[in-house]
Amino acid sequence: MGKEIIDESTIKRTITRITYEIIEQTKVLDDVILVGIKTRGIYLARRIAQRISELESVSVPVGELDIKLYRDDVHVPDNHRLPDVNGSSIKSTITDKHVILVDDVIFTGRTIRAALDALMDLGRPKKISLAVLVDRGHRELPIRADFVGKNIPTSLTEQIQVELSEVDGTDRVSILKIAQ
């Protein structure tokens, strides 16, 4: 178990702040679709959509994006079987919409690159923005988040663990030392 650096009430306040930033920077919420990257990004996207609904009385659609097939670190084994994919679920068209990708942590940028590839296979958004709960640095690609909950500088010997009640039974962010 790691050291808790963000507790449940701070996560709630952080999601509210991200929501306010989205509202302030988005001209027309009717054109917005929140797309959560599996797994925890989905629940964060749903929480943001709920806060937008509470604050602006606007229902923003939420989609789920599975990026497993788009990752550049997944290698096809010798039997040429692709990894199992649970699939994406975006009920609204993303073409000509403002898609806000939502994820729990941004690290190297490779997950977001894969998500962008997956989105482009689904349509051509007017604009794509990125919202993350935690930015831990160490980018390998020129990708940045538009809406950041917390910047938490880490070393490469550390890992950020996000736990959400929908998946883990609790809301917290911890920092862990990884064995070398």
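Leaving aside its neighbours within four places in sequence, which residues is Ser174 in contact with? I will come back to that in a moment, after a word on what we are looking at, which is a predicted model.

Let me begin with the overall build. The protein has four helices and eight strands, and if we read from the N terminus on, the elements follow one another as β-α-β-α-β-β-α-β-β-β-α-β. The radius of gyration is 16 Å, close to the 16 Å that the globule rule gives for 180 residues, so the protein is as compact as a globular protein of that length. Taken along the principal axes, the box that the C-alpha atoms fill is roughly 50 × 40 × 30 Å. Of the 180 residues, 43% count as buried, while the area that the protein exposes comes to about 9800 Å², with carbon and sulfur atoms supplying 47% of it. If we take the contacts between residues at least 6 apart in sequence, 69% of them join residues that are at least 24 apart.

Now to the residue I opened with. Ser174 sits in strand β8, which covers residues 172-177, and apart from its neighbours within four places in sequence, Ser174 is in contact with Gly2, Lys3, Glu4 and Ile5, and also with Gln159, Ile160, Gln161 and Glu163. Is Ser174 buried or exposed? Its relative accessible area is 1%, and buried means under 20%, so Ser174 counts as buried.

A second serine, Ser88, is placed in the loop between β3 (62-65) and β4. Ser88 has a relative accessible area of 37% and is therefore partly exposed, a term that covers values between 20% and 50%. Again leaving aside neighbours within four places in sequence, Ser88 is in contact with Glu64, Leu65 and Asp66. Ser88 can also be set beside Ile37, since the two are 51 residues apart in sequence and their C-alpha atoms are 9.0 Å apart in space.

Let me turn to the pockets. The largest pocket has a volume of about 500 Å³, and of the 29 residues that line it, those nearest its centre are Arg71, Asp103, Asp104, Val105 and Thr111. Which elements each supply at least two residues of that lining? They are α2 (40-56), β4 (98-106), α3 (110-122) and β7 (158-163), and the largest share, five residues, comes from β7. Sorted by class, the lining of the largest pocket has 12 charged, nine nonpolar and eight polar residues.

The second largest pocket has a volume of about 150 Å³. Its lining is made up of Glu8, Ile11, Lys12, Ile15, Thr16, Arg47, Gln50, Arg51, Glu54 and Asp171, and the elements that give two or more residues to this lining are α1 (8-25) and α2. Of these, α1 gives the most, with five residues. By class, the lining of the second largest pocket has six charged, two polar and two nonpolar residues.

To close, I would ask you to find two places in the model in front of you: strand β8, where Ser174 lies, and the loop between β3 and β4, where you will find Ser88.

Conventions: Residues are numbered from 1 along each chain as its sequence is written. This is a predicted model: local features need pLDDT of at least 70, side-chain atom pairs count only at pLDDT 80 or more; totals for chains, interfaces and linings use all residues. Side-chain values use heavy atoms; hydrogens and water are left out. On a 1 Å grid over the protein atoms alone, a cavity is a set of points where a 1.4 Å probe fits but cannot get out, and a pocket is an open set with protein on both sides within 12 Å along at least five of seven lines; lining residues have an atom within 4 Å of a point. Grid points are joined across faces, edges and corners, and a volume is the space filled by probe spheres set on the points. Ala, Val, Leu, Ile, Met, Phe, Trp, Tyr, Cys and Pro count as nonpolar, Asp, Glu, Lys and Arg as charged, and the others, Gly among them, as polar. The radius of gyration is taken over C-alpha atoms; the globule rule is 2.2 Å times the number of residues to the power 0.38. Buried means under 20% relative accessible area, exposed over 50%, partly exposed in between (1.4 Å probe, protein chains only). Contact means heavy atoms within 4.5 Å. Accessible areas come from the Shrake-Rupley method with a 1.4 Å probe; for residues, only the protein chains shown count as cover.
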